[in-house]
Structure formats: structure tokens, C-alpha cells
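Please walk through the model below, beginning with how the chain is packed as a whole and then turning to its secondary structure, its cysteines and a handful of loop residues.

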Amino acid sequence: QLQAFGGGLVQAGGSLRLSCSPSGRTFGNYDMGWLRRAPGKEREFVAAISWGGNGITNYSDSVKDRFTISRDNAKNTVYLQMNSLKPEDTAVYYCAAAPTISFIQRGLGHWGQGTQVTVSS
């Protein structure tokens, strides 16, 4: 339902931009966000953005000031600009859509297939 794109291999300090669009249905009025799962670790909240309210954003402390989430409501697409990447950012990144940001933070809502991000040291 949600297809993530843009992953890849990048050196530490580099940048990547992820995007996510729905397929098969729309998620109008839903808040959207990103979570990630690193090898051997639990799923972790990364960032989320509200549908309304001029796009209220929320970030985990580990990515704040390095990652920027944005969305295009007309295209029902969400983006994650990742700068100053670190090896510890290596993970599969998943896009999610849910009625509220708190749902996304708890890993609830609609998910899609993830995209692999690998940051080499």
C-alpha cells in the first residue's frame, strides 16, 4: 500500500532522500512518517508529519537536526531528506500512514515495503 523509494549505499557524512507514495489507495487526511529497523534491533521511530496544521513535524532525538520530513498533500507523498548520515543510520526504512502522529510513533497504522539505507564508515 505504501511504496518507499530512494534507499542506497552512501558514505558517512553523505545524504539521501527517501520518498513514499501509496499504491492501490489514498491516505488523505492521514499523518505520515518513517520508521526504521536496523539489523538485530527493534523498530525505531524516525520522523512524522501531520496532514494538516501546516505540517507539524516530530523527530526522534537521534535524527533531529540531520533529517527533514516533508510532504506533498496533492500527491499524497512524503519525503525524508537525510543529511550528515552516520553508520548507525543503516537500516531498512519504512513509510507509515496513520490517523495521528502518536500512532506512527508506536508503529501502528498502515505500512509498506521498506527501502534499505546503508551508510559506510
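In this predicted model, 41% of the 121 residues of the chain count as buried. The overall dimensions can be set beside that figure: for 121 residues, a compact globule would have a radius of gyration near 14 Å, and the chain, with 13 Å, agrees with this expectation. The C-alpha trace spans about 40 × 25 × 25 Å along its principal axes. Among the contacts in the chain with a separation of 6 or more, 58% are accounted for by residues 24 or more positions apart.

At the surface, the accessible area of the chain comes to about 6,100 Å², and carbon and sulfur atoms contribute 48% of it. As for charge, the chain carries 12 positive and 8 negative side chains, with the centres of the two sets lying 5 Å apart.

The secondary structure consists of one helix and 11 strands, and their order along the sequence is β-β-β-β-β-β-β-β-β-α-β-β. The helix, α1, covers residues 101-105, and a loop between this helix and β10 (110-111) holds G107, a residue discussed further below.

What joins C20 to C95? The link between these two residues is a disulfide, with an S to S distance of 2.1 Å, and the count of disulfides in the model comes to one. The bond ties together distant parts of the chain, since C20 belongs to strand β3 (residues 16-22) and C95 to strand β9 (residues 91-98), 75 residues apart. The torsion about the S-S bond is about -85 degrees, and the disulfide of C20 and C95 is therefore left-handed. Both ends of the bridge are hidden from the surface: C20 is buried, because its relative accessible area of 0% falls under the 20% cut-off, and C95 is likewise buried, with a relative accessible area of 0%.

Turning to the loops, G107 has a relative accessibility of 11% and so counts as buried. Once its neighbours within four places in sequence are left aside, G107 is in contact with L35 and R43. The second of these partners is 64 residues away along the chain, yet the C-alpha atoms of G107 and R43 are separated by 7.9 Å.

A further buried loop residue is S60, with a relative accessible area of 11%, which is placed between β6 (57-59) and β7 (67-72). Not counting residues up to four places away in sequence, S60 touches F45 and V46.

Two other loop residues deserve attention for their backbone conformation. Most residues other than glycine have a negative phi. N76, however, has a positive phi, near 55 degrees, and S84 also has a positive phi, near 50 degrees. N76 lies in the loop between β7 and β8 (77-82), whereas S84 is found in the loop between β8 and β9.

Are N76 and S84 buried or partly exposed? N76 is buried, because its relative accessible area of 8% is under 20%, while S84 is partly exposed, because its value of 40% lies between the 20% and 50% limits.

Note on methods: Residues numbered from 1 in each chain as written. Predicted model: local features only at pLDDT ≥ 70, side-chain atom pairs only at ≥ 80, totals over all residues. Heavy atoms only, no water. Disulfide = S-S within 2.5 Å. Helix = DSSP H or I, 4+ residues; strand = E, 2+ residues; numbered from the N terminus. Buried < 20%, exposed > 50% of the residue type's maximum accessible area, 1.4 Å probe, protein only. Rg over C-alpha atoms; globule rule 2.2 N^0.38 Å. Contact = heavy atoms within 4.5 Å. Areas by Shrake-Rupley, 256 points an atom, 1.4 Å probe, with all protein chains shown as cover. Lys, Arg positive; Asp, Glu negative; His and termini not counted. Charge placed at Lys NZ, Arg CZ, Asp CG, Glu CD.
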